[in-house]
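Me: Please take a close look at one part of this structure: the metal site and the space around it. Keep it brisk.

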Amino acid sequence: EAKTGGRGTARLFEPQMDATLRERLGLERELREALAQSRFELHYQPLVDLSDNRITGMEALVRWRHPERGLVNPAVFIPLAEETGLIVPIGEWVLSQACRDAAAWPDAISVAVNVSPLQLRNRGFVQSVLGALATSGLKASRLELEITESVLLDDTEVNLETLHSLRRLGVRISMDDFGTGYSSISYLRRFPFDKIKIDRSFVPDSAGQSDAGAIIRAIVSLGASLGITTLVEGVETEPQLATIRAEGAQEVQGYLFSPPRPVHEIAVLLEAGIASGVGKAANPPEIP
Ligand code: C2E
Ligand code: MG
Ligand code: MG
Ligand code: MG
């Protein structure tokens, strides 16, 4: 018995590894089908300017309309899409669809699109952006691209060049999930970002939680000294909003104002938001 222990152990783990691999391959095949059959859809979440409580833009967040599983969140499929390279065609679809949707919104509303590192590194990326703008008729100044710190960690030179090209077109660049990567602050000197999106892990979980507030304040002041707008992600409650406001952040995004909503609800939200200011947050716009 003891002698066969090694093989026995290996055999013991096989079914599990098999299941994982099978599930992965299944998911990959399904992802390809979803792409071919246009089963992705974009939901949008407002970005709100705290000086006047108005919506300044919408972040496009991709979902997968799965025949059995229902609406699948990106956390489930973006990692696999990145590993398999499928993020490139998926990301291209997201980019052109977001530009088309935004072209129908008022001029003051921009659209923010998440760009994966693999997409940015892809040679044709600047051309894709140009193509999406040209086809939709959206002005470059209404497009914001959100990238994460990892982009500046690998292939720095190539990525910096791409980012500069995009910025010359008039597209704005935001650093997403700020504070979750390494030595974030040094990256702010390497590239002139237009906006820092402070990760929601820095949102104070109770009013007056002073360290989270102090971190937000420090980033806001750093941003201000570099001429960069700061937005805080994941604001869910009024006390959080009060703290974030007190620390001087210019923009917020979060369930307090609105969850991501399907595109057909966005026009309604924009009319309400533009007519009356989004709120007050205490009084978020009602969607019928
Ligand atoms: P992200 O870009 O940081 O997007 C913000 C995420 O936080 C979204 O999750 C949003 O629904 C969620 N969120 C917003 N407000 C709140 C709040 O108040 N509380 C909490 N708990 N969460 C909030 P979602 O839509 O599941 O997307 C997750 C991530 O998937 C995104 O994080 C982004 O990194 C990625 N992703 C989404 N769409 C795309 C895409 O089109 N391309 C790429 N490459 N990545 C995408
Ligand atoms: Mg984002
Ligand atoms: Mg983010
Ligand atoms: Mg995030």
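Reply: The magnesium ion (ligand 2) and the magnesium ion (ligand 3) lie 3.7 Å apart, and Asp 176 coordinates both. Among the coordinating residues of ligand 2, Asn 114 sits in strand S4 (residues 110-114) and Asp 176 in strand S6 (residues 172-178). That pair links distant parts of the chain, 62 residues apart. Helices (H or I, at least four residues) and strands (E, at least two) are DSSP runs, numbered from the N terminus.

This is a predicted model, where local features need pLDDT of at least 70, side-chain atom pairs count only at pLDDT 80 or more, and totals for chains, interfaces and linings use all residues. Residues are numbered from 1 along each chain as its sequence is written, chains are lettered from A and ligands numbered from 1 in the order in which they are written, and side-chain values use heavy atoms, with hydrogens and water left out.

Take the magnesium ion (ligand 2) in full. Glu 59 (OE), Asn 114 (OD1), Glu 146 (OE) and Asp 176 (OD) coordinate it, at 2.0 to 2.2 Å. Along the chain, these donors follow the spacing E-x54-N-x31-E-x29-D. Donors are N, O and S atoms within 2.8 Å of the metal (3.2 Å for Na, K and Ca); water is not among the atoms, so sites may look incomplete.

Now the magnesium ion (ligand 3). Its donors come from Asp 176 (OD), Asp 177 (OD) and Glu 233, with OE listed twice for Glu 233, at 1.9 to 2.6 Å. The spacing here is D-D-x55-E.

How exposed are these residues? Asp 176 is buried, with a relative accessible area of 6%. Its neighbour in the name list, Asp 177, is partly exposed at 26%. Asn 114 is also partly exposed, at 31%. The cut-offs are under 20% relative accessible area for buried, over 50% for exposed, and partly exposed in between (1.4 Å probe, protein chains only).

Ligand 1 shares residues with this site. Of the 22 residues around ligand 1, those that come nearest are Arg 63, Asn 114, Asp 176, Glu 236 and Tyr 255. A residue counts as near if one of its heavy atoms lies within 4 Å. Several polar contacts can be named. An N or O atom in the side chain of Asn 114 is 2.9 Å from an oxygen atom of ligand 1. A polar backbone atom of Tyr 255 is 2.8 Å from an oxygen atom of ligand 1. A polar side-chain atom of Arg 200 lies 3.4 Å from a nitrogen atom of the ligand. A polar contact is a pair of N or O atoms within 3.5 Å; within protein, one must be able to donate a hydrogen and the other to accept it, and residues adjacent in sequence count only if both atoms are side-chain atoms.

Next, the open space. The largest pocket holds about 1000 Å³. It has 36 lining residues, and the closest to its centre are Glu 59, Leu 61, Pro 74, Asn 114 and Asp 176. Strand S2 (54-66), helix H2 (74-84), helix H3 (87-103), S4, helix H4 (117-121), strand S5 (143-147) and S6 each give two or more residues to that lining. S2 supplies the largest share, 5 residues. By class, the lining has 16 nonpolar, 10 polar and 10 charged residues. Here Ala, Val, Leu, Ile, Met, Phe, Trp, Tyr, Cys and Pro count as nonpolar, Asp, Glu, Lys and Arg as charged, and the others, Gly among them, as polar.

Pockets and cavities are found on a 1 Å grid over the protein atoms alone. A cavity is a set of points where a 1.4 Å probe fits but cannot get out; a pocket is an open set with protein on both sides within 12 Å along at least five of seven lines; lining residues have an atom within 4 Å of a point. Grid points are joined across faces, edges and corners, and a volume is the space filled by probe spheres set on the points.

H3 also lines an enclosed space. There is 1 cavity of 30 Å³ or more. The largest cavity has about 50 Å³ of space. H3 and H5 are the elements that give two or more residues to its lining. H3 gives the most, with 4 residues. The cavity lining divides into 3 nonpolar, 5 polar and 1 charged.
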